[in-house]
Amino acid sequence: MSKTIQSACHCGNLQAAMTTDKEPGDMWLHSCQCDFCRSHNMRSLSDCEGRIEIRVRDESRLNRYHFGMGMVDFLICENCGNYIGAVQEVDGQLLGIMNANLTENEGKQFGEAKQAFFQTETREQRSARRKDVWTPATLSIASVP
Ligand SMILES: [Zn+2]
């Protein structure tokens with residue numbers, strides 16, 4: 001039975017919805033230990049067999065932040081500062097993760113995130129990992145903010 005997990009930044013400018021067949025406790029949930037993710041207390045949620053739809057109301061208030069190897073767009077709201085998730089295109093397919101903390105009840109239903117250390121990976125290893133575990137995604141911008 002598929003269900004949809006909704007999330008939104010504090011002001012509502014950025015919204016994400018994940019469609020999944022998995023139970024909350026069975027989803028991929030990791031807390032990356034890089035300084036950026038730790039500063040947001042990030043818990044990254046994914047289901048490689050699901051789908052993520054990210055919607056942006058006002059693109060002028062979307063910060064596609066890049067750091068490190070610059071492979072990923074970290075999607076941050078410029079109104080409220082929340083970090084809704086991240087996307088990268090791999091082999092022509094947009095893939096993403098979303099921030100479990102911005103889902104209902106702060107995403108407590110997903111349980112404890114596994115600590116993850118990705119900093120030693122090469123570019124190729126990163127793309128391969130994301131292809132395995134990130135979720136096929138779409139990002140759409142509202143035509144009228
Ligand atoms: Zn916001």
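Let me begin with a term: two strands are said to pair if DSSP finds at least two bridges between them. With that in hand, I should say at once that what you have in front of you is a predicted model, and that everything I describe this morning is computed from it.

The pairing I have in mind is that of strand S5, residues 51-56, with strand S11, residues 135-141, where the two run parallel and are joined by five bridges. Within that pairing, Arg-55 has Ser-140 as its bridge partner in S11. S11 is also joined to S9, this time by two bridges and in the antiparallel sense, and there Leu-95 is the residue that stands opposite Pro-136 of S11.

Let me step back to the chain as a whole. The protein chain contains two helices and 11 strands, and, read from the N terminus, the elements follow the order β-β-β-α-β-β-β-β-β-β-β-α-β. The C-alpha atoms occupy a box of roughly 40 × 35 × 30 Å along the principal axes. The radius of gyration is 14 Å, and because a compact globule of 145 residues would be expected near 15 Å, the two values agree. Of the 145 residues, 34% count as buried, and if we take the contacts between residues at least 6 apart in sequence, 65% of them join residues at least 24 apart.

Now to the interior. In soluble globular proteins, nonpolar side chains tend to be buried together. Here the largest nonpolar core has 32 residues, and those with the most contacts inside it are Leu-14, Leu-45, Leu-75, Ile-84 and Met-98. At least two residues of this core come from each of strand S2 (14-20), strand S3 (28-32), S5, strand S7 (73-77), strand S8 (83-90) and S9. As for Met-98, if we set aside residues up to four places away in sequence, this residue touches Ser-7, Ala-16, Met-18, Leu-45, Ile-52, Ile-84 and Gly-85.

Let me return to strand S11, where Thr-135 is placed. Is Thr-135 buried or exposed? Thr-135 has 25 other C-beta atoms within 10 Å, and because the threshold for burial is 20 or more, Thr-135 counts as buried. Beyond the neighbours within four places in sequence, the contacts of Thr-135 include Ser-46, Asp-47 and Cys-48, as well as Arg-51 and Ile-52, and also Leu-95, Gly-96 and Ile-97. Asn-99, by comparison, is 36 residues away from Thr-135 in sequence and 13 Å away in space, C-alpha to C-alpha.

Finally, the loops. Glu-104 sits in the loop between strand S9 (93-99) and strand S10 (114-116), and it is exposed because only 12 or fewer neighbours are allowed for that class and Glu-104 has 10 C-beta neighbours inside 10 Å. Its C-alpha atom is nevertheless separated by 7.2 Å from that of Gln-6, a residue 98 places away along the chain.

Which residue in the loop between S9 and S10 has a positive phi of about 55° although it is not a glycine? That residue is Glu-106, which lies in this loop and is exposed, with 11 other C-beta atoms within 10 Å. Asp-91, in the loop between S8 and S9, likewise is not a glycine and has a positive phi, in this case of about 50°, and Asp-91 is exposed as well, with 7 other C-beta atoms within 10 Å.

Key. Residues numbered from 1 in each chain as written. Predicted model: local features only at pLDDT ≥ 70, side-chain atom pairs only at ≥ 80, totals over all residues. Helix = DSSP H or I, 4+ residues; strand = E, 2+ residues; numbered from the N terminus. Core = buried A, V, L, I, M, F, W, Y, C linked by C-beta atoms within 7 Å. Contact = placed C-beta atoms within 7 Å. Rg over C-alpha atoms; globule rule 2.2 N^0.38 Å.
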